[in-house]
Amino acid sequence: MVHRDIYLRIEPVAGYSPLAPEPCARYFGRDFMRNPGHEIGRVSAQEIFASTFDALVYRQYRDPAYTMPVTDKLIDADINEPAWDRRVPGCVLYADIGDTLDIHVRNADPDACHSFHLHGLLYGIASDGAWPLGVRSRDGRRSDEILPGQDWTYRFEATAETVGVWAFHDHHQEVQRWVRRGLFGALIVRERAAAPHVDHEIPLFVHSLAGDAAVSGFESPTLGTGQQFEHVFDNQQTSYPYHCKIHGVTMSGTVQVVAGAPATVGVTAKDNLFDPAAVQVAPGGKVVWTNAGQHEHIVFAPGAGGSSLCLNGRSYVGNTPTIVADAGQRLRWYLINLDLATEWHNVHTHAARWKIPTPPGGSADVHPLSPTEGFTIDTVVPTPFPVLPPEIEALQHQHPHDACRQTITGDFLFHCHIESHMMQGLAGLVRARQQLWLTPHAVDACEILLPYADVDDCGPDVDGTRGCPDSGMTHMDMPGMGMDVPGPGGGMAMPGMGDAMAGMGGVMAAMDGAMSTDAVLATAASQGMWELLPCDSITLAVHFALLHTGKLAIFSGSGNYPPRHDSHTNGSVLWDYRTGAFTQPPISYDTFCCGQATLPNGDLLAAGGTEQYDPFHGLPNAAILSATAGTWTNVADMADGRWYPTLVSLADGRVLAVSGLNKTGGGNDTPEIYDPATNTWTPTTARTPGWPLYPHLFLLRDGRIFWTGASLGTTGLPAQTISLGSTTTTPVPGLTLPDNRDQAASVLLPPAQDQKVMVMGGLGGTGATPNADIADLSGPNPHYTPTAPMHLGRTRLNAVLLPDRTVFVSGGGAQGEAAPVLQSEIYDPQTGTWTLAATATVPRLYHSVAALLPDGRVATAGSNPNRGDDELRIELFHPPYLFRGARPHIEDAPTEMRYGGQYILRTPQARETMWVQLMRPMATTHSTDSQQRLLDIPFTVNGLCELTITLTDKPNLAPPGWWMLTIVDHNRLPSCARWVHLST
């Protein structure tokens, strides 16, 4: 017999959504089953908003002072489980036969009383916790009503009769309310002596989550000056927080529906504020917003608190538990239904079964669960290929020299078999792993393309190019959608949306009522898809840089707004796109319109900035953002100021700074080089008289610097190369419409070895041009040659190299800061043609950015058509290759690589590999990025599973630092990237 003290504290989990417990994280907000509206594998931002509420959990601690939380996972094999402080339920407890337990519960919820009620174990009335039947202590505390800040100790005994899984939950009044808020868990009593050994324990809760009340949302169209939007509220007396969807929560207000308030109320939307910020309106009343400012606004109330059906606090496959285990391992499932409404649920496991008492020797693969019922089952992880082809079976016993061992996976569903519940998210996966010895001959003889382990967890692949015919499915009316959605018939309430799909604000981009799932995927396979995220960038994304830690640096300084400059308010944000975390590292000076480049160790150098506005003067300051520590540190100043300079990473690890306005507002025509080893700046021999601001620059193979002729503004100077050690410049003629290249875009076309640069778009006297020109700099007399023009003329555009060696172009305006161009385009250098791609939601004009992510998507942010008019929404582009079938992946690769070295890459797609390449992470601003380049890596195929790659010995082609390593198959499908560090 063991006595144990267990410490639980009732705590809030603010802003929790079962669809995205960690908002804006790559690994949440998914739906691998691609239910209606989620065809691209992602749930919409509106659904996430509508399902968000402030949850409450019982969080376990190791000490009576509640200072050391228990951070162990609930399920060790669940690769989707959120961080310990973002999960619902908060804990699962275990006990053995003979244990006595003192469970100390402290109420840290300041807003309500709670209690603790445990099923199944032995206890007395002082440990029951059911209000109002509890007991009172001498100091006034109650077992059934723990006041905020108070605690109670509940005592239990685990005996042989209590073996099993038992629910615990709040039992202080309104039991269902608090369980739906997250106040529940389980205590599992084990019988270690008699129970068979298992490899993984799986406590699985089937339940619903919701806020106290589902608050419907609303969204206006984009309101120009003088335009109005009105919304009629229902009779629910509650508060509706709202904000401008463009400018973020810094421009916010509140509508409170209160009896006795006026029936109609007006609110004025001014630049960056609502006046008045708080209003009251009568139930059924109307609020009218009028835009009296110069900026465009979107009045947006996200809604909240909608009900979601959940497995372990999460909805939809990809968010819900994915149990990764080896074939043949034993799983012990502790099933428990904590949906206390009228719904019953069941659990069905694919390709697995368990023994039942009757009939003798019988088995089952579905079990019903009534509310709070617990049930324990043991299953065996299925084998993805239980019967192997003879050629592969023979290899498992004798491995020839050309054999390699690979992990094969199979994803097997477990779910509630009430179909509407499954479609609302009550499903998860068992990812079974099977180790197989394979040879090229055996693989070629297999009729099935083997599903190799997806080390990047991108989810099941779909192929929209297969041309699946229309299934003839009927279209069902989805509540609150105002449109038809393909489905099996009958109404269906989606999780997180409540009965009215609160917060939808219109039609989701991926859901056209006339399109089937296959039609949506076919469109995505040809045009890609856009996804608007449920978070904003916090600060205007003037500068955007991807770090090798997986974080994006978003910084703006004063962000084109003099009041922020005068108050020394400098915007600086780090966004971890994998986890969704945002931090704001402070920086001591105004980096607005500085230059940026990465250093060999992966840190980011920012140089220059804004000394003053109107007229602008440049700062000589410089600072380094540590990629690992996430902090800015000031470094040595330059000799003179630079406002709108361009920085270029050099072959020796130093960084070149060119152009910009100096401390007195004149042009800075003396390039300087920063040496991180000595923290010094040194002027070059080269000079750049008359060069424009933010010249588009690239480091060439021979060490020269090429200015493409594109820049911010135009000067009449031709494109040219310079040598840093001399005053020699060489014109590169032939750029069409050279006076129309204000804020064009320039890219070093892939691969970098070809030394071809393309300039596209720009603005001038003839308006925004679609022209595109390519300069081949590999020969002795380089010049521009026109290539196919874009479909749409644009300036202030963003151009991104994609890993399939195409060029993605998005954003910009057809008339400078007017007529935003929302449709994107993709250029294929192999064919010299442009293809129209998907249409974005958010306009991207001046001070907008785009950057490639390691998983192959593109993040876009920013836009600042007027001072103080900061676009904060983040939108992701999913390129077409994400919808064209299974992508290759790199199983293993060295992290450290040296110039001229040879290295082994492990990939099960070795024989299908067409390209191996390194891609430099982007560091972009004002339509220019001197860093981005794609380097081709020669390779040889070593049988089925290995490639030998040979790195370049030319640092001018690939400056030292962190790079993204990808492979691309013969269908031009790229892998997710692996980070590698290239050094001398």
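Leaving aside neighbours within four places in sequence, which residues is Asp128 in contact with? In this predicted model, the answer is Phe116, His117 and Tyr123. Asp128 itself sits in the loop that links S5 and S6. Tyr123 deserves a second look here, since its side chain makes a polar contact with the side chain of Asp128, at 3.1 Å. What Asp128 lacks is a salt bridge, although the residue is buried. The nearest side chain of opposite charge belongs to Arg142, and that side chain is 10 Å away; the cut-off for a salt bridge is 4 Å, so Arg142 does not qualify as a partner.

The loop that holds Asp128 has another feature to offer. Pro132 is also found there, between strand S5 (117–118) and strand S6 (151–157), and a cis peptide bond joins Trp131 to Pro132, with omega at about 0°. A second cis bond can be described further along the chain, from Pro750 to Pro751, where omega is near -5°. Pro751 is likewise a loop residue, placed between strand S50 (745–748) and strand S51 (756–760). As a reminder of the background, most peptide bonds are trans, and most residues other than glycine have a negative phi.

The second half of that reminder leads to two residues with positive phi. Cys24 is not a glycine, yet its phi is about 65°. Cys24 belongs to the loop between strand S1 (3–16) and helix H1 (45–50), and its relative accessible area of 7% makes it buried. Asn679 also has a positive phi, near 55°, and it lies in the loop between strand S44 (672–675) and strand S45 (680–683). Asn679 is partly exposed, with a relative accessible area of 34%, whereas Cys24 is buried.

Another loop residue worth a visit is Thr539, located between strand S31 (529–536) and strand S32 (543–546). Its relative accessible area is 10%, so Thr539 falls under the 20% limit and counts as buried. What surrounds Thr539, once its neighbours within four places in sequence are left aside? The residues in contact with it are Ile554, Phe555, Ser556, Gly571, Ser572, Val573 and Leu872.

Attention now turns to charged pairs. Side chains of opposite charge can pair when their charged atoms come close. The model has 41 salt bridges in total. One of them joins Arg106 and Asp151, with the closest N and O atoms 3.3 Å apart. Arg106 is in strand S4 (residues 100–107) and Asp151 is in strand S6, so this pair ties together parts that lie 45 residues apart in sequence. Both partners are partly exposed: Arg106 has a relative accessible area of 27%, and Asp151 has one of 26%.

Two further examples involve residues that lie at nearby numbers in the sequence, as the names show: Arg177 forms a salt bridge with Glu174, where the closest N and O atoms are 2.8 Å apart. Arg177 is partly exposed at 30% relative accessible area, and Glu174 is partly exposed at 48%. The side chains of Arg654 and Asp652 also meet in a salt bridge, at 2.7 Å from N to O. Here Arg654 is partly exposed, with 28% relative accessibility, and so is Asp652, with 48%. Beyond such pairs, salt bridges that share partners link Arg26, Arg42, Glu531, Asp855 and Arg857 into one network.

The last stop is a sheet. Strands of a sheet pair through backbone hydrogen bonds, either parallel or antiparallel. Here, five strands make up an open sheet in the order S63-S71-S70-S65-S67, and the pairing is mixed. Which strands stand at the edges of this sheet? They are strand S63 (896–898) and strand S67 (934–936); each has a single partner strand, so one side of each is left without a neighbour in the sheet. From one strand to the next, the twist averages 40°. For S67, the pairing with strand S65 (residues 913–919) can be followed in detail: the two run antiparallel and are joined by three bridges. Within that pairing, Leu918 stands opposite Leu935 of S67.

Technical notes:
Residues are numbered from 1 along each chain as its sequence is written. This is a predicted model: local features need pLDDT of at least 70, side-chain atom pairs count only at pLDDT 80 or more; totals for chains, interfaces and linings use all residues. Side-chain values use heavy atoms; hydrogens and water are left out. Helices (H or I, at least four residues) and strands (E, at least two) are DSSP runs, numbered from the N terminus. Buried means under 20% relative accessible area, exposed over 50%, partly exposed in between (1.4 Å probe, protein chains only). Contact means heavy atoms within 4.5 Å. Two strands pair if DSSP finds at least two bridges between them. Axes are lines fitted to C-alpha atoms, for helices over the stretch in contact, and angles run from 0 to 180 degrees between N-to-C directions. Lys and Arg count as positive and Asp and Glu as negative; His and the chain ends are not counted. A polar contact is a pair of N or O atoms within 3.5 Å; within protein, one must be able to donate a hydrogen and the other to accept it, and residues adjacent in sequence count only if both atoms are side-chain atoms.
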